[in-house]
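I opened the notebook to record a few lookups, one entry at a time. Each entry starts from a place in the model and notes what I found there.

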There are 2 protein chains.
Amino acid sequence: MDRPSNILPSDGIVSQLRDIVGPEHVITDIDALENYAHDETPGYSAMPALAVKPASTAEVAAVMKLAHGHAVPVTPRGGGTSLSAGAVPVLGGIVLSLERMNRIRDIDQANLMAVVEPGVVHGELDKALAQAGLFFPPDPVSLDSCTIGGNIAENAGGPRAMKYGVTKNYVTGLEVVLCDGTVMRLGGKLLKNVTGYDLIDLIVGSEGTLAVVTEATIRVLPRPGEIIDLLIPLDSVEQASLFAQSVIAAGFLPAVIEFMEGEVVRTVGEYLKRQAPFSDANAHLIVELDGSDKAQMRIQYDRVGEMALRAGARDVAVGQSAADRERIWEVRRKIGEALKSEAAIIAREDLVVPRNRIPELIRSLQTCARNYKATLFAFGHLGDGNIHADVGIRGRREPKERPADPWVMQVRREMYRITVDLGGTITAEHGVGLSKIDFITLALDKTAIDKMKHIKRIFDPANLLNPGKMFP
Amino acid sequence: MDRPSNILPSDGIVSQLRDIVGPEHVITDIDALENYAHDETPGYSAMPALAVKPASTAEVAAVMKLAHGHAVPVTPRGGGTSLSAGAVPVLGGIVLSLERMNRIRDIDQANLMAVVEPGVVHGELDKALAQAGLFFPPDPVSLDSCTIGGNIAENAGGPRAMKYGVTKNYVTGLEVVLCDGTVMRLGGKLLKNVTGYDLIDLIVGSEGTLAVVTEATIRVLPRPGEIIDLLIPLDSVEQASLFAQSVIAAGFLPAVIEFMEGEVVRTVGEYLKRQAPFSDANAHLIVELDGSDKAQMRIQYDRVGEMALRAGARDVAVGQSAADRERIWEVRRKIGEALKSEAAIIAREDLVVPRNRIPELIRSLQTCARNYKATLFAFGHLGDGNIHADVGIRGRREPKERPADPWVMQVRREMYRITVDLGGTITAEHGVGLSKIDFITLALDKTAIDKMKHIKRIFDPANLLNPGKMFP
């Protein structure tokens with residue numbers, strides 16, 4: 001853990017911050033502050049000088065104005081679940097935690113819209129929407145703790161993105177606070193809007209570097225009444241990829257086509273101390289179908305199941321009840337803890353390529369990992385070409401290496417090169433943050449980076465808003 | 001028609017342009033040039049000094065570099081179907097017509113992607129995709145003549161947007177030429193991508209003011225095998241709006257819920273010299289369902305039909321064959337020519353409000369039109385809250401008034417105020433262009449306009465790319 005940064009607000013600022021948000025919402029205690037020094041990215045942390053927890057747009061604006069006046073860096077923070085060290089206050093200063101702005105302001109049944117504060121936890125929103133028969137489709141795996149503000153900052157995706165798209169496809173309005181405390185409102189409960197440039201999509205996915213989101217208007221959908229999961233073990237990644245393509249080409253649109261490579265299935269088996277069924281099959285798929293009509297759903301899953309068997313599936317297990325579905329997802333859900341327990345994970349990547357290049361991607365990444373005496377653990381969202389590629393060293397539990405160690409950086413650089421050479425890019429949904437900052441030039445046109453830096457300067461000329469992120 | 005602008009390239013430039021694109025692709029003849037002086041927005045035109053028709057990215061880059069060096073304005077042009085005067089070269093200079101860059105470079109079945117040049121006519125792309133069993137969902141009504149480049153510049157929508165979204169939801173990669181001739185590539189055949197700021201969505205909908213699109217990678221979908229149209233006459237706009245909301249809330253997702261107010265239906269009847277069925281009903285809806293499975297489709301249209309009758313529909317006419325479907329769409333398709341023939345149209349607006357505010361919007365707009373002794377003709381996309389509101393003076397055929405006449409501007413300003421007061425905005429899919437430039441401050445936050453102008457300056461510091469558009 002690094003010591004607090006040298007960019008420190010003076011005592012005068014601290015007392016002004018206490019006036020703005022209330023003394024109990026300014027955190028300066030060193031132990032309490034450690035919670036705000038890191039997110040879920042292994043190996044990255046930096047101590048802030050303090051953390052503040054505003055409860056309203058006006059308070060956020062006042063904090064930003066004060067910080068701006070004193071040139072203090074501000075790192076906005078949602079649930080702290082970033083996997084690109086996006087919430088790490090790398091230059092110290094103030095962590096602006098939106099955790100207290102957690103109200104759902106409006107659930108609008110007639111327009112299928114909701115208005116939420118940024119600190120609303122994804123899972124809490126889901127519960128409230130469920131009571132109204134609605135749902136918010138983006139489904140990052142961290143949904144029990146991640147916030148809507150964080151989802152917006154990262155343009156979060158998830159398994160359901162193949163059918164429903166990502167966060168930006170659901171944000172139709174924003175209220176944001178700019179670096180100097182100015183409040184700016186964009187859009188509304190509108191499904192079409194071409195009035196001026198699309199600043200909403202510019203801010204969504206900007207990782208808190210352009211503005212602090214204080215309210216979002218989001219599209220929601222009627223909650224599908226029926227969900228069916230199919231667990232499909234296949235012999236190879238190639239087979240799995242061709243099957244997924246054939247399902248999509250036939251006009252079926254599963255909510256999810258989730259993938260686990262054999263190595264991952266077997267590792268979860270070791271961790272759970274019982275073999276998963278068909279654990280010698282090298283590619284397990286979970287196909288999730290959703291809809292509102294039982295009869296229609298049955299037609300669909302019969303056909304998809306037939307296609308799977310024709311494509312060489314060893315079996316098709318069908319889960320319709322909540323309990324059966326949970327069993328189908330068990331291995332997938334345990335991947336995180338299993339990998340942590342069975343190997344020292346040195347890289348957690350979220351690579352994306354054109355859907356049909358996934359078999360090549362995985363083959364090349366396996367070779368790459370092997371060359372460094374490491375193992376590739378590949379799983380993720382086959383339906384949209386987005387694969388989580390964790391690299392670990394089996395048998396070792398504590399990562400001796402920090403992600404920034406030179407040989408780890410070398411492995412990651414090779415992985416990114418392989419991905420970009422296949423027409424892909426280095427981050428599909430986790431963001432650039434701090435952890436990919438040295439690799440952005442592999443994936444982006446030099447001119448594009450230049451334009452992005454200029455845009456950053458327009459919104460934040462003094463580089464105070466989540467500084468040290470995204471661009472080298 | 002205004003005379004050629006005083007911003008004229010010198011003869012030296014003309015000969016260099018001839019060297020770049022070939023002499024036959026530089027148009028200086030005054031009669032031929034008149035085609036490039038206007039688009040489909042009534043009342044707006046301006047003569048360019050010349051038009052050039054490059055055939056490649058390299059030629060576009062060379063033209064831009066030359067124009068930039070001599071500070072000559074360049075107005076990019078697709079099919080010339082803009083309804084916001086977006087393609088009118090208001091400061092003269094060069095019209096850069098992309099009509100010769102009309103190749104479909106790739107239709108990628110495995111990834112459901114296509115790579116196209118900007119001058120591809122939407123309808124031609126649709127034909128090529130149909131042969132591969134695919135389709136590109138955005139469906140501007142001008143699809144027989146509009147181009148994909150124009151669709152991207154305007155972020156075009158259309159009736160199907162309620163199910164499928166708008167153009168920006170389908171663009172995953174762009175090659176663009178910047179004002180100084182630099183070529184910039186963004187994205188690729190990728191369904192998820194959070195590497196850096198979203199410059200693609202910034203350029204989509206930027207009306208040719210930031211960059212010239214020279215290639216686009218677009219998502220396509222399996223073409224639905226079955227399409228069924230229902231024609232549903234209801235007694236009032238309120239009834240129609242509540243029915244549409246109930247269909248959506250029940251989890252049905254029609255491709256289209258198109259709406260025609262009674263005045264429009266009757267006017268088309270007068271034009272066709274035969275009454276449309278149920279022409280005394282004040283709201284006609286067309287609900288289009290699409291899918292790949294006959295049995296599923298039948299379940300759906302039965303239920304939607306029942307819901308319509310319960311909501312007070314006078315009748316539900318079902319069109320399944322191409323001929324029957326064409327008959328259902330006939331009145332809708334004839335609206336444009338009927339209104340032109342039966343009234344002097346002084347305003348053609350594409351307003352958008354939260355879906356449930358449409359009845360209020362139409363009532364208020366009717367009153368507003370009546371106050372000026374004009375008639376409101378309302379039709380459009382009820383499913384996504386986007387209503388085309390034409391205002392005309394019955395019995396007069398040639399519009400004596402130009403759109404810029406003060407009383408017309410006054411009517412339009414009132415219409416926009418009404419829309420914004422209902423939580424809406426002034427343009428859903430036509431763009432700001434030239435025709436709404438004086439009204440943008442009604443709909444956008446001052447700070448937002450300021451940021452947009454800064455972004456324009458980053459991309460085009462000398463204001464040479466489609467100058468005089470979008471911002472006052």
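**Entry: Thr441(A)**

I began with Thr441(A), which counts as exposed because its relative accessibility is 53%, and exposed means over 50%. The model is predicted, so I treat each value as a property of that model. I placed Thr441(A) in helix H14 of chain A, residues 440–443. I then checked a distance to Leu242(A), which lies 199 residues away along the chain. The C-alpha atoms of the two are separated by 32 Å.

**Entry: the two chains**

How many degrees of rotation superpose chain A on chain B? I noted 180°, with 0.0 Å of shift along the axis. The RMSD of that superposition is 0.0 Å. This is how a two-fold axis relates two copies. I also looked at the contact residues: 100% of those of chain A recur in chain B, so the same surface serves both copies.

**Entry: the nonpolar core**

I looked up the largest nonpolar core and found 229 residues in it. Which residues have the most contacts inside it? My list reads Leu174(A), Ile232(A) and Ile455(A), along with Leu174(B), Ile232(B) and Ile455(B). I followed Leu174(B) further. Leaving out residues up to four places away in sequence, Leu174(B) touches Ile152(B), Met184(B), Arg185(B), Leu186(B) and Ile200(B). Its contacts also include Ile203(B), Val204(B), Val213(B), Glu215(B) and Ala216(B).

**Entry: H8(A) against H10(A)**

Next I took a helix pair in chain A. Two packed helices are described by an angle and a distance between their axes. For helix H8 (residues 237–249) and helix H10 (residues 294–310) of chain A, I noted an angle of about 145°. Their axes are 10 Å apart. The crossing of H8(A) and H10(A) is right-handed. Which residues make the contact? From H8(A) I listed Phe243(A), Ser246(A) and Val247(A). From H10(A) I listed Val304(A), Met307(A) and Ala308(A). I sorted the contact residues of H8(A) and H10(A) by type: five nonpolar, one polar and no charged.

**Entry: Thr217(A)**

I moved to strand S10 of chain A, residues 212–219, where Thr217(A) sits. Is Thr217(A) buried or exposed? Thr217(A) is buried, because its relative accessible area is 7% and the cut-off for buried is under 20%. I then listed what Thr217(A) touches, not counting residues up to four places away in sequence. The list has Met113(A), Ala114(A) and Val115(A), then Tyr170(A), Val171(A), Thr172(A) and Gly173(A), and finally Gly188(A) and Lys189(A).

**Entry: positive phi**

Most residues other than glycine have a negative phi. I looked up two exceptions in chain A. Glu207(A) has a positive phi of about 60° and is not a glycine. I found Glu207(A) in the loop between helix H7 (199–203) and S10 of chain A. Glu207(A) is buried, at 3% relative accessible area. Asn463(A), also not a glycine, has a positive phi near 55°. Asn463(A) lies in the segment after helix H15 (446–459) of chain A. I recorded Asn463(A) as partly exposed, at 37% relative accessibility.

**Entry: Thr267(B)**

In chain B, I found Thr267(B) in helix H9, residues 262–272. Its relative accessibility is 0%, so Thr267(B) counts as buried. What does Thr267(B) touch, not counting residues up to four places away in sequence? I noted Ala338(B), Leu339(B), Glu342(B), Phe377(B) and Arg394(B).

**Entry: Glu337(A)**

I located Glu337(A) in helix H11 of chain A, residues 322–342. Glu337(A) is partly exposed, with a relative accessible area of 37%. Ser145(A) is 192 residues from Glu337(A) along the chain, and their C-alpha atoms are separated by 16 Å.

**Entry: Met409(B) and Gly291(B)**

Met409(B) is in helix H13 of chain B, residues 406–421. I logged Met409(B) as buried, at 17% relative accessibility. Its C-alpha atom is separated by 9.4 Å from that of Ile346(B), 63 residues apart along the chain.

My last lookup was Gly291(B), in strand S14 of chain B, residues 283–291. Gly291(B) counts as buried at 17% relative accessibility. Gly291(B) and Glu226(B) are 65 residues apart in sequence, yet 5.3 Å apart in space, C-alpha to C-alpha. Glu226(B) also appears among the contacts of Gly291(B), with Pro224(B), Gly225(B) and Met297(B), not counting residues up to four places away in sequence.

Note on methods
Residues numbered from 1 in each chain as written. Chains lettered and ligands numbered in written order. Predicted model: local features only at pLDDT ≥ 70, side-chain atom pairs only at ≥ 80, totals over all residues. Heavy atoms only, no water. Least-squares fit on C-alpha atoms with pLDDT ≥ 70 in both. Contact = heavy atoms within 4.5 Å. Core = buried A, V, L, I, M, F, W, Y, C linked by side-chain atoms within 4.5 Å. Buried < 20%, exposed > 50% of the residue type's maximum accessible area, 1.4 Å probe, protein only. Helix = DSSP H or I, 4+ residues; strand = E, 2+ residues; numbered from the N terminus. Axes fitted to C-alpha atoms, helices over the stretch in contact; angles between N-to-C directions. Left-handed = near helix turned anticlockwise from the far one by under 90°. Nonpolar A, V, L, I, M, F, W, Y, C, P; charged D, E, K, R; others polar.
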